[in-house]
Amino acid sequence: MKAILSMALVLCVCGFAGAADKVDPVGTWNCEYEISGLKLTATLTIKKDGDKLAGTMSWPDQKDAKLKDVKLKDDTLTFSAVRKFMDNEFPLDFTLKIDGDKFKGKSAAEFMGNKQEFDIEGKREKKDK
């Protein structure tokens with residue numbers, strides 16, 4: 001009986017230790033995506049603001065667009081940003097699945113009444129030690 005209780009306690013403690021291995025989206029991410037055959041880049045920066053997440057997204061011609069509704073659920077990060085291009089604004093919705101220092105996901109936007117999706121990938125910049 002003692003052996004069974006000891007084993008149950010060990011399994012329980014190991015289970016809690018695994019739960020502590022939560023995904024951390026904080027950092028600067030170099031993003032790559034393709035639209036209409038063009039390979040494009042962006043930089044995503046996620047920070048902690050108290051107990052909430054916040055951040056910005058930058059493109060070569062637009063810097064520090066504030067993110068809206070930044071949420072992390074399990075390993076999935078979601079947020080919205082507004083891309084300004086040629087005097088137009090395009091709201092973008094992102095859903096990114098984080099795996100360590102990489103992510104893969106989708107962004108969706110509405111262009112001229114048509115909803116379009118594109119794949120996006122990213123790698124977290126290494127912190128200086």
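**A walk through the sheet and its side-chain contacts**

Let me begin with one pair of neighbours: strand 6, which covers residues 76-85, is joined to strand 7 by 10 bridges, and the two strands run antiparallel. Before I go on, please keep in mind that what we have in front of us is a predicted model.

As an example from this pairing, you can look up K84, whose bridge partner in strand 7 is E89.

Now let us step back to the sheet as a whole. This is an open sheet of nine strands, and if you read across the sheet the order is 4-3-2-1-9-8-7-6-5, with antiparallel pairing. The edges are taken by strand 4, residues 62-66, and strand 5, residues 68-73, and because each of these has a single partner strand, one side of each is left without a neighbour in the sheet. Neighbouring strands here are turned against each other by 25° on average, with direction ignored.

With that layout in mind, I would like to turn to the aromatic rings. The structure holds three aromatic pairs, and I will describe one of them. The rings of F79 and F94 have centres 4.7 Å apart and planes at 15°, so this pair counts as stacked, the cut-off for stacking being under 30 degrees. F79 belongs to strand 6 and F94 to strand 7, so that the pair links parts of the chain that are 15 residues apart. Are these two rings buried or exposed? F79 is buried, at 3% relative accessibility, and F94 is buried as well, with a relative accessible area of 3%.

Next come the charged side chains, where the count comes to five salt bridges. I will take three of them in turn.

In one of them, the side chains of R124 and D101 meet, with 2.8 Å from N to O. R124 sits in strand 9, residues 114-124, whereas D101 sits in the loop between strand 7, residues 88-99, and strand 8, residues 102-111, and this puts the partners 23 residues apart. With a relative accessibility of 13%, R124 counts as buried, because the limit is under 20%, while D101, at 33%, counts as partly exposed.

Which other residue does D101 form a salt bridge with? The partner is K126, and the closest N and O atoms of that pair are 3.2 Å apart. Since D101 lies in the loop between strand 7 and strand 8, and K126 in the segment after strand 9, this pair ties together parts that are 25 residues apart in sequence. K126 is exposed, with a relative accessible area of 65%.

The remaining salt bridge I want to show is formed by the side chains of K106 and D119, at 2.5 Å from N to O. K106 lies in strand 8 and D119 in strand 9, so here the pair ties together parts that are 13 residues apart in sequence. K106 counts as partly exposed at 37% relative accessibility, and D119 also counts as partly exposed, at 49%.

Coming back to the contacts around D101, salt bridges that share partners join D101, R124 and K126 into one network. If you would like to trace that network in the model yourselves, D101 is a convenient residue to begin with, as D101 forms a salt bridge with R124 and another with K126.

How values were computed:
Residues numbered from 1 in each chain as written. Predicted model: local features only at pLDDT ≥ 70, side-chain atom pairs only at ≥ 80, totals over all residues. Heavy atoms only, no water. Salt bridge = Lys/Arg side-chain N within 4 Å of Asp/Glu carboxyl O. Helix = DSSP H or I, 4+ residues; strand = E, 2+ residues; numbered from the N terminus. Buried < 20%, exposed > 50% of the residue type's maximum accessible area, 1.4 Å probe, protein only. Pairing = 2+ DSSP bridges. Axes fitted to C-alpha atoms, helices over the stretch in contact; angles between N-to-C directions. Phe/Tyr/Trp six-rings, centres within 6.5 Å; stacked < 30°, edge-to-face > 60°.
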